[in-house]
Amino acid sequence: MWALAKKEFNAFFQSSTGVLILCVYLGMNGAFLWLMQGPFHLLDSGYAQLDGLFMLSPWVFLFLLPAIGMRMLAEERRTGTLEWLLTKPLSEMQVVAGKWLAGMMLVVLALLPTVVYAISLYQLGNPVGNLDLGSTLGSYLGLLFLASAYLSLSLFTSAITDNPIVAFVLGMLLSLIFYAGFDQLASLDALKSQSLLVLNLGISEHYTSISRGVVDSRDVVYFVGLTCVSLAAARTALQSRNW
């Protein structure tokens, strides 16, 4: 599994996909957080905080994570290399987990340069160091959990089709439903009595909770559970080719 993850991670940069994803993510962050005036601009908030990054990233990841996951399994099915891959001492679950691990390695690589933003705000704060490190670390952790959920959902959609474009659209749609769809459902009058339950089914409520700097076990269980269920569903989709 580790060998597959390493091979998949290297493949991102052999085809320039990894470089393109990193450039898009960092370029959009740089533009919205430092150059363009608006709600995400870090210097206009009046506080030494990275809220703009953590509000913007979930929406950017809605496009980037499905773009990472769309070819991982769909392309293998389309070209017929999935059967060759499974002749190796790997189970379907190990293949899916290896692909997920490679994608998460790319996400971590994309997030590392944003640490410069935190260092800059730490130095620009008045007084120097006036940055809530607990909230910042919690937000980074929440962003990793959110990326894990998006990527696992995208792997599932990539496993049920051999068309990468279809996998991308379905992955983006499914991620959007989990991030914002449940919030919209909870606002309906018909579900007002069950609004808290509906909110807790969505990603946004748990991501916001972790971003406050308090790591609640319920939020961790939610993200781990969603990731595991999605990866298990992707494994089942791969196994269905034998049915």
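Modeller: A crossing of two helices is called left-handed if the near helix is turned anticlockwise from the far one by less than a right angle, and right-handed if it is turned clockwise. Please keep in mind throughout that what we are reading is a predicted model.

Colleague: Which hand does the crossing of helix 11 and helix 12 have, and at what angle do their axes cross?

Modeller: The crossing of helix 11 and helix 12 is left-handed. Helix 11 spans residues 203–211 and helix 12 residues 217–239, and their axes cross at roughly 135° while coming within 9 Å. Angles over 145 degrees count as roughly antiparallel, and helix 11 and helix 12 are therefore classed as oblique to each other. On the side of helix 11 the contact is made by Ile203, His206, Tyr207, Ser209 and Ile210, and these meet Arg218, Asp219, Tyr222, Phe223 and Leu226 of helix 12. By class, the residues of this contact divide into 6 nonpolar, 2 polar and 2 charged.

Colleague: Is valine 214, in the loop between these two helices, buried or exposed?

Modeller: The general idea is to compare the relative accessible area with two cut-offs, where under 20% means buried and over 50% means exposed. Valine 214 has a relative accessibility of 56%, so it counts as exposed. As for its position along the fold, the C-alpha atom of valine 214 is separated by 6.7 Å from that of glycine 138, although the two residues are 76 residues apart along the chain.

Colleague: How should I read the angle for helix 2 and helix 3, and what is it?

Modeller: The angle runs between the N-to-C directions of the two helices, and for helix 2 (residues 17–35) with helix 3 (residues 51–69) it is about 155°, with the axes 10 Å apart. That value makes helix 2 roughly antiparallel to helix 3, and the crossing of this pair is right-handed. Helix 2 contributes Ile21, Val24, Tyr25, Met28, Asn29, Phe32 and Leu33 to the contact, while helix 3 contributes Gly52, Leu53, Leu56, Ser57, Val60, Phe61, Leu64 and Ile68. The contact of helix 2 with helix 3 has 12 nonpolar and 3 polar residues, and no charged ones.

Colleague: Which orientation do helix 1 and helix 6 have?

Modeller: Helix 1 (residues 2–14) packs against helix 6 (residues 92–111) at an angle of about 45°, with their axes 8 Å apart, and that angle makes helix 1 oblique to helix 6. The crossing of helix 1 and helix 6 is right-handed. Among the residues making the contact are Trp2, Phe9 and Phe13 of helix 1, together with Val95, Leu101 and Leu109 of helix 6. By class, 12 residues in the contact of helix 1 with helix 6 are nonpolar, 3 are polar and 2 are charged.

Colleague: Which residues of the largest nonpolar core touch the most other members?

Modeller: As a general idea, in soluble globular proteins nonpolar side chains tend to be buried together. Here the largest nonpolar core has 60 residues, and Tyr25, Leu50, Phe61 and Ile203 touch the most other members. Helix 8 (residues 133–159) gives the most to this core, with 11 residues. Leaving aside residues up to four places away in sequence, isoleucine 203 touches Leu146, Ala149, Tyr150, Phe178, Tyr179, Tyr222, Phe223 and Leu226.

Colleague: Are proline 58 and threonine 136 buried or exposed?

Modeller: Proline 58, which lies in helix 3, is buried, because its relative accessible area is 0%. Setting aside residues up to four places away in sequence, proline 58 touches Leu143, Leu146, Tyr150, Tyr179 and Tyr207. Threonine 136 lies in helix 8 and has a relative accessibility of 8%, so it too counts as buried. With the same exclusion of residues up to four places away in sequence, threonine 136 touches Leu50, Phe54 and Leu131.

Key:
Residues numbered from 1 in each chain as written. Predicted model: local features only at pLDDT ≥ 70, side-chain atom pairs only at ≥ 80, totals over all residues. Heavy atoms only, no water. Core = buried A, V, L, I, M, F, W, Y, C linked by side-chain atoms within 4.5 Å. Buried < 20%, exposed > 50% of the residue type's maximum accessible area, 1.4 Å probe, protein only. Helix = DSSP H or I, 4+ residues; strand = E, 2+ residues; numbered from the N terminus. Contact = heavy atoms within 4.5 Å. Axes fitted to C-alpha atoms, helices over the stretch in contact; angles between N-to-C directions. Parallel < 35°, antiparallel > 145°, perpendicular 65-115°, else oblique. Nonpolar A, V, L, I, M, F, W, Y, C, P; charged D, E, K, R; others polar.
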